[in-house]
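Thanks, everyone, for making the time. I would like to walk through one structure this morning, going slowly enough that you can follow along on the screen.

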Amino acid sequence: MSFGNADAAIIGLGKLGASMLAGMASRGLKVIGVDVSQKVVEAVNQGKAPVQETDLEITIQRHRKNLRATTDYVEAISATPVSFVIVPTPSDERGAFSLKYAAQCFDAIGSALKIKDGYHVVVLTSTVLPGSTRYGLLPILEKASGKKCGKDFGLCYNPEFIALGSVIKNFLNPDFYLLGEYDTHSGDVLASVHNRVSANKAPIKRMSIENAELAKIAVNSYVTLKISYANMLADICDRIPCGNIDVVSDAIGTDSRIGRKYLSGGLGFGGPCFPRDNAALAFFGEKLGADISILRNNEAYNKSGSARILEKLKDKIPLSGNVAVLGLAYKPFSHVVEESAGIFFCRALRDAGYNVSAYDPLAMTEAKKVLGNDYCFALSIEECIKDADIIFVSTPDPAFVNLQVKAPRGINREKIYIVDFWRCLNISAEESVDIVYIPFGRCIETEAAEQSVSKLWGGGG
């Protein structure tokens with residue numbers, strides 16, 4: 001399949017790159033995808049999704065006339081005025097982001113620019129630390145092409161703010177576009193693309209490349225601080241009479257200075273972005289001599305979550321008891337288990353000597369790879385909780401909402417405890433004398449809470 005000149009090239013057809021390809025095509029742009037994998041290229045050209053992502057395959061199929069894929073950089077660069085680079089920038093041993101794959105890509109783009117007539121803007125979308133684009137990658141472009149940035153070609157840094165499972169929706173309807181530009185001409189070319197792609201007329205924030213690099217990583221790092229703060233509030237709500245994290249969060253989230261998103265209170269933050277971005281910003285600031293203690297403390301607080309919760313609940317779990325963990329992905333509707341709170345919790349339980357049974361609607365295959373053979377991986381919710389003394393619901397997956405728990409039988413199972421970290425189940429604390437429902441972030445031990453709080457103010461003896 002071929003069409004002449006196109007509007008943009010997308011280099012790297014992973015979850016974000018393939019979704020950008022499909023999203024742009026859905027808005028009427030002619031787009032060429034580039035990937036080193038022939039298998040990925042063939043999948044796209046056959047109308048198939050090369051990776052798993054919500055609505056990706058159906059979007060590719062609907063808009064096949066506007067997209068195609070190739071392994072040839074020269075073909076893609078020569079036919080387009082702008083190319084977006086979305087390749088992995090994995091964390092290295094320092095906590096920084098490696099430019100290994102980006103450097104290889106920029107070298108290939110530079111070689112293609114060398115034989116191209118006309119101006120072309122190269123846009124880095126992958127997450128990097130400040131200075132990476134200008135001082136780490138631009139020299140590679142200029143050396144490989146024999147041309148000068150600003151005169152012969154343009155350069156921008158333009159990350160996306162997306163969540164796995166809703167990448168296409170997020171891409172087409174962003175809160176804003178973050179545009180770091182080498183010069184005004186480069187930025188104008190990129191802005192013209194965004195104005196065509198945006199389905200919600202999102203504003204474009206234009207700035208220097210370094211400011212954009214910092215702003216991108218700062219957003220994710222700030223969100224992790226907000227999550228940890230909400231988790232701390234949930235812990236406090238457990239300990240005050242009538243405490244309810246949802247009531248508190250709804251109130252303070254109404255304040256425009258705070259906002260309700262990521263303020264629910266539950267388990268710690270995880271996934272492929274939040275933990276590593278927080279660590280990378282801490283590394284960068286520390287190397288520059290900035291005080292980044294707030295970032296290090298946040299990282300430590302998040303990692304200690306499983307231990308804190310187990311200490312709090314140790315009296316409710318029989319020694320060497322059976323524990324069920326529902327939710328292994330880092331969030332609902334995902335198969336990704338990277339830095340998952342559910343995975344960390346399984347390990348903490350196993351290390352404490354408990355028998356762990358685990359289940360997730362989508363993430364079982366990936367969880368088995370990470371956890372190994374010391375766990376029971378159930379085939380269903382029912383199998384997972386069958387012999388459990390305590391059930392932990394670690395993600396607010398709709399599959400768990402109507403959890404059906406049978407009353408315990410036998411002398412060793414007088415009660416079943418259900419700990420709902422996200423308060424998502426259709427269960428009340430008074431539903432059964434055989435079931436103790438513990439919605440994390442809501443006080444259920446009122447008498448003890450009253451005694452603790454009253455002592456602070458002269459009451460309670």
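I will begin with the sheet, then turn to the helices around it, and end with a single loop residue.

Please keep in mind throughout that what you see is a predicted model.

Let me start with the sheet, which is open and has eight strands, and whose order, read across, is β3-β2-β1-β4-β5-β6-β7-β8, with mixed pairing. As general background, the strands of a sheet pair through backbone hydrogen bonds, and they do so either parallel or antiparallel. At the edges of this sheet we find β3, residues 67-70, and β8, residues 204-207, each of which pairs on one side only. If we ignore direction, neighbouring strands here are turned against each other by 25° on average.

Within that order, I would like to pick out one pair, namely β1, residues 8-11, and β4, residues 82-85, which run parallel and are joined by three bridges. Which residue of β4 is the bridge partner of Ala9? That partner is Ser83.

Now to the helices that lie on the sheet. Helix α5, residues 100-114, packs on the sheet and touches β1, β4, β5 and β6, and its direction makes about 170° with that of β5. Helix α6, which spans residues 132-145, lies across β5 and β6 and runs at about 145° to β6.

The next item is a pair of helices, α9, residues 209-237, and α10, residues 245-252, which pack with their axes 9 Å apart and at an angle of about 135°. The two helices are therefore oblique to each other, and α9 passes α10 in a right-handed crossing. On the α9 side the contact is made by Ala230, Leu233, Ala234 and Cys237, while α10 contributes Ile245, Val248 and Ile252. How do these contact residues divide into nonpolar, polar and charged? Seven are nonpolar, and there are no polar and no charged residues in this contact of α9 with α10.

Finally, let us look at Gly28, which is found in the loop between α1, residues 15-26, and β2, residues 31-34. Is Gly28 buried, partly exposed or exposed? Its relative accessible area is 39%, and Gly28 is therefore partly exposed. Leaving aside residues up to four places away in sequence, Gly28 touches Asp7, Asn66 and Arg196. The C-alpha atom of Gly28 is also separated by 8.3 Å from that of His63, a residue 35 residues apart from Gly28 along the chain.

That is where I will stop, and I am happy to go back to any of these views.

Conventions: Residues numbered from 1 in each chain as written. Predicted model: local features only at pLDDT ≥ 70, side-chain atom pairs only at ≥ 80, totals over all residues. Heavy atoms only, no water. Axes fitted to C-alpha atoms, helices over the stretch in contact; angles between N-to-C directions. Helix = DSSP H or I, 4+ residues; strand = E, 2+ residues; numbered from the N terminus. Parallel < 35°, antiparallel > 145°, perpendicular 65-115°, else oblique. Left-handed = near helix turned anticlockwise from the far one by under 90°. Contact = heavy atoms within 4.5 Å. Nonpolar A, V, L, I, M, F, W, Y, C, P; charged D, E, K, R; others polar. Pairing = 2+ DSSP bridges. Buried < 20%, exposed > 50% of the residue type's maximum accessible area, 1.4 Å probe, protein only.
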